[in-house]
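Me: I am new to this one, and I would like a close look at a single part of it. Please take me through the cysteines slowly, and then show me what surrounds them.

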Amino acid sequence: SSVDELVDHDNPFLKDLNEISWLPVEFHVNVSDSNLEPPRQKRELSHIGIAAPRTTRPKQDEWICSSMMEILSTTIRSETLQKCFCWHLPLPATVVAAQLLALAKMNDTFNNPQVFRQTLATVIPRCYDLLSNHFTTASSIETEKVLMVLQDQAWIWVGDNFVAAQMMAFEAPENARPFLYSVTQELLCFENLL
């Protein structure tokens, strides 16, 4: 059918469409107490509000990729269009890992920690789930790329802060903080990440 031809990623038209900056994307906004936004970096043509589909993700993914990818400023409901731009596929694990590092930096500077922590309560498990699935299915080379991004970095959420993996233990005395943290109940299901 013509839809299958359109979604065929060998289609020259689709390849070109994915490379050209034309999609409307979110502008970089300074975070304030009243306006919680995920971390963003200015890239390519984001200062005028457009980007290529290959560097863009839908709004529902912004908290798990905004530091590395542009975020579409409108909602796309078409499954065909989502397939054309590969938005139906999981994000690259290296993007999710970089997002965790950006969230950790944001945590250090955020003025209203309670609002930020409420947001992280839903974002962090989603990021860990994506990474866990990646570690389960990816090649050792792909897994190594993710581990290189996270190595010696604070990326594990312990409820009020991010810490590096070497500061985690499955059991640690409560008075060991801030040098050693126990793996929380919420993290136990992501054991393969630790």
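By the distance rule for sulfur atoms, how many disulfides does the count come to?

Reply: Happy to help. This is a predicted model, so local features need pLDDT of at least 70 and side-chain atom pairs count only at pLDDT 80 or more, while totals for chains, interfaces and linings use all residues. Residues are numbered from 1 along each chain as its sequence is written, and side-chain values use heavy atoms, with hydrogens and water left out.

The count comes to zero disulfides, a disulfide being a pair of cysteine sulfur atoms within 2.5 Å. Take Cys-86: the closest cysteine sulfur belongs to Cys-84 and lies 8.7 Å away, which is too far for a bond. Cys-127 is in no disulfide either, and its nearest cysteine sulfur, in Cys-65, is 9.2 Å away. As for their surroundings, Cys-86 has a relative accessible area of 27% and is partly exposed, whereas Cys-127 is buried, at 0%. (Buried means under 20% relative accessible area, exposed over 50% and partly exposed in between, with a 1.4 Å probe and protein chains only.)

Stepping back, the protein has 194 residues, 42% of them buried. Its C-alpha atoms fill a box of roughly 65 × 40 × 25 Å along the principal axes. There are eight helices and eight strands; these are DSSP runs numbered from the N terminus, H or I of at least four residues for helices and E of at least two for strands.

Pro-58 sits in the loop between strand 3 (56-57) and helix 3 (62-65). With 6% relative accessibility, Pro-58 is buried. Leaving out residues up to four places away in sequence, Pro-58 touches Ile-71, Leu-72 and Trp-87, where contact means heavy atoms within 4.5 Å. Val-25 is 33 residues from Pro-58 in sequence, yet their C-alpha atoms are 9.3 Å apart.

Finally, here is a pair of helices. The axes of helix 5 (residues 93-109) and helix 7 (residues 140-150) come within 9 Å and cross at roughly 10 degrees. Axes are lines fitted to C-alpha atoms over the stretch in contact, with angles from 0 to 180 degrees between N-to-C directions. Helix 5 and helix 7 are therefore roughly parallel, the term for angles under 35 degrees. On the helix 5 side, Ala-93, Thr-94, Ala-97, Ala-98 and Leu-101 meet Lys-145, Val-146, Val-149 and Leu-150 of helix 7.

Terms used: Angles under 35 degrees count as roughly parallel, over 145 as roughly antiparallel, 65 to 115 as roughly perpendicular and the rest as oblique.
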